[in-house]
Amino acid sequence: MIRKTDDIIIRTVARILVPFIQIYALYVIMHGHYSPGGGFQGGVILGASIVLLLITHGLVETKKKIPEKAIALFSSMGVFIYAGIGVLCLLLFGNFLDYGKLSVILNIPPAAARAMGILGVEIGVSITVMAVMISIFTSISTAEDHSKYDKEH
Amino acid sequence: MNTFFLVIGIGLCVLVFFVLYRVVFGPGVFNRIAAISAIGTKTLIIILIMGIIYNRIDMFVDISMVYALLNFIGTLAAAKYLEIGGEKL
């Protein structure tokens, strides 16, 4: 599953399609308040774009674009953004994830600060979901033994 | 106009069962993959028709696009799995 395909049509279509999928995922994340979607769904679509790259271009070529260290870093960075916004509200004498208090830092009215706070939390969720999806896919398809696949190329 | 779309939607739901026969009894794996892909396409149209009936087509277009995308990736993954042979990965 994780090897490179020889078919030029599939490779070209996947290469053209991946940026559009990622733009659509960003739309789903940013527009999550008004339409179906949000952090988790956008993260799944972002992960699906990288999975498409993995099954068409192989593990080695995808690793050059997204190293595994970066995936591990992303999966913890999203949680850090989520918890960081929550703790920031605690430090501003509010409850955990009480976005209204962020208006002091952002210098905007509390209602707008709530919208921005929720958006920040959703971005954190989407980054974590994307990284975890990719790492689950690579772990299952290589049976957690990447060295065998590195040697073949 | 709503009855028109309702009838078309029910017709597509019935057609899904005809394709489901090919998924269950179809000779060979490739018939099954093609039939699953066809069911995914029909589901996409059914979602859009539901959107027209509920007057929320702007919401349902988003869902149907994600469904089409995941259907494409799923079909590609199944085809890739069979190209190499299940055991060897």
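In this predicted model, one face of helix H1 of chain A, made up of Ile10(A), Arg11(A), Ala14(A), Leu17(A), Val18(A), Ile21(A), Gln22(A), Tyr24(A), Ala25(A), Val28(A) and Ile29(A), meets a set of residues in helix H2 of chain A, namely Gly39(A), Gln41(A), Gly42(A), Ile45(A), Leu46(A), Ala48(A), Ser49(A), Leu52(A), Leu53(A), Thr56(A) and His57(A). Sorted by class, the residues of this contact comprise 14 nonpolar, seven polar and one charged. H1(A) covers residues 8–30 and H2(A) covers residues 39–65, and the two helices pack with their axes 8 Å apart at an angle of about 170 degrees. Angles over 145 degrees count as roughly antiparallel, and H1(A) and H2(A) are therefore roughly antiparallel to each other.

Some residues of this helix pair reappear in the largest nonpolar core, which has 31 residues and in which Ala25(A), Ile45(A), Val51(A), Leu52(A), Leu54(A), Met130(A) and Ile134(A) touch the most other members. Ala25(A) belongs to the H1(A) side of the helix contact described above, while Ile45(A) and Leu52(A) belong to the H2(A) side. The core draws on further helices as well, since H1, H2, helix H3 (68–91) and helix H5 (110–142) of chain A each supply at least two of its residues. Ile134(A) illustrates how distant parts of the sequence come together here, for its contacts beyond the neighbours within four places in sequence are with Gly47(A), Ile50(A), Val51(A) and Ile71(A). Of these partners, Val51(A) is itself among the core residues that touch the most other members.

Seen as a whole, chain A contains six helices and zero strands, so that its elements, read from the N terminus, run α-α-α-α-α-α. Its C-alpha atoms fill a box of roughly 55 × 30 × 20 Å along the principal axes. Buried residues account for 33% of the 153 residues in chain A, and of the contacts in chain A with a separation of 6 or more, 64% join residues that are 24 or more positions apart.

One backbone detail of chain A deserves a separate look. Phe93(A) is not a glycine, and yet it has a positive phi of about 65 degrees. Phe93(A) is placed in the loop between H3 and helix H4 (103–106) of chain A. A residue with 12 or fewer other C-beta atoms within 10 Å is exposed, and Phe93(A), with 9 C-beta neighbours inside that distance, therefore counts as exposed.

Chain B has three helices and zero strands, and from the N terminus on its elements run α-α-α. The C-alpha trace of chain B spans about 50 × 25 × 10 Å along its principal axes. Its radius of gyration is 16 Å, whereas a compact globule of 89 residues would have one near 12 Å. Buried residues make up 2% of the 89 residues in chain B. Within this chain, residues 24 or more positions apart provide 49% of the contacts with a separation of 6 or more.

Individual residues of chain B add detail to this picture. Met1(B) lies in the segment before helix H1 (2–25) of chain B, and Met1(B) is exposed, because its C-beta surroundings within 10 Å hold 7 other C-beta atoms. Although Met1(B) and Leu48(B) are 47 residues apart in sequence, their C-alpha atoms are 15 Å apart in space. Val24(B) lies in helix H1 of chain B, and with 8 C-beta neighbours inside 10 Å Val24(B) counts as exposed. For Val24(B) and Asp58(B), the separation is 34 residues in sequence and 35 Å in space, again from C-alpha to C-alpha. Asn55(B), for its part, has a positive phi of about 60 degrees although it is not a glycine. The loop between helix H2 (29–53) and helix H3 (57–84) of chain B is the place of Asn55(B), where Asn55(B), with 9 C-beta neighbours inside 10 Å, counts as exposed.

It remains to consider how the two chains meet. In the predicted model, 14 residues of chain B are in contact with 15 residues of chain A. The side of chain B that touches chain A consists, by class, of 12 nonpolar, no polar and two charged residues.

Key. Residues are numbered from 1 along each chain as its sequence is written. Chains are lettered from A and ligands numbered from 1 in the order in which they are written. This is a predicted model: local features need pLDDT of at least 70, side-chain atom pairs count only at pLDDT 80 or more; totals for chains, interfaces and linings use all residues. Two residues are in contact if their C-beta atoms, placed from the backbone, lie within 7 Å. Ala, Val, Leu, Ile, Met, Phe, Trp, Tyr, Cys and Pro count as nonpolar, Asp, Glu, Lys and Arg as charged, and the others, Gly among them, as polar. Axes are lines fitted to C-alpha atoms, for helices over the stretch in contact, and angles run from 0 to 180 degrees between N-to-C directions. Helices (H or I, at least four residues) and strands (E, at least two) are DSSP runs, numbered from the N terminus. Angles under 35 degrees count as roughly parallel, over 145 as roughly antiparallel, 65 to 115 as roughly perpendicular and the rest as oblique. A nonpolar core is a set of buried Ala, Val, Leu, Ile, Met, Phe, Trp, Tyr and Cys residues joined through C-beta atoms within 7 Å. A residue is buried if 20 or more other C-beta atoms lie within 10 Å of its own, exposed if 12 or fewer, and partly exposed in between; C-beta atoms are placed from the backbone. The radius of gyration is taken over C-alpha atoms; the globule rule is 2.2 Å times the number of residues to the power 0.38.
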